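Me: I have a protein here that I'd like to talk through with you. Could you help me read its fold, one question at a time?

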Amino acid sequence: MARNWNETPAEYQRRVATGWAEKHPELRERLEKALALIGGVTLASENQFLVEGERETYRVWADPRAKKSACNCPDHLYRQVKCKHVLAVALSILTAQNCK
């Protein structure tokens, strides 16, 4: 999703998250939490990110070209769903690509 010329990165992230939530209502709550985590996303190495969670830091592996991701948090490991950490990384990657 392209960034509007007058949009701040935070506005862009909110718009993208809102669009995803409209397409995937089951992710709405996780997307809200992901928006709060974006400031805690750091690149650890190629395709590996660290995300500061509420209680600890989690490792996310994301390959945007393959559209694959994984996280070592319990939500992702045991429930096998897109967790807030994976969503925060996805929003961070899109922001880096579109908010230059």
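Me: How many helices and strands does the protein have?
Reply: Happy to help! This is a predicted model, in which local features need pLDDT of at least 70, side-chain atom pairs count only at pLDDT 80 or more, and totals for chains, interfaces and linings use all residues. Residues are numbered from 1 along each chain as its sequence is written, and side-chain values use heavy atoms, with hydrogens and water left out. Helices are DSSP runs of H or I with at least four residues, and strands are runs of E with at least two, numbered from the N terminus. Counted that way, the protein has four helices and four strands.

Me: In what order do the elements run from the N terminus?
Reply: The strands sit in the middle of the order, with helices before and after them. Written out, the order is α-α-β-β-β-β-α-α.

Me: Which strand is joined to β1 by four bridges, and which residue stands opposite Val41?
Reply: Two strands pair if DSSP finds at least two bridges between them. Strand β1 (residues 41-45) runs antiparallel to strand β2 (residues 48-52), with four bridges joining them. The partner strand is therefore β2, and the residue opposite Val41 is Val51.

Me: Which residue in the turn between β1 and β2 has a positive phi?
Reply: These strands form a hairpin with two residues between them. The phi in question is about 65 degrees, and it belongs to Asn47.

Me: What share of the residues is buried?
Reply: Buried means under 20% relative accessible area, with a 1.4 Å probe and protein chains only. Of the 100 residues, the buried share is 38%.

Terms used:
Buried < 20%, exposed > 50% of the residue type's maximum accessible area, 1.4 Å probe, protein only.
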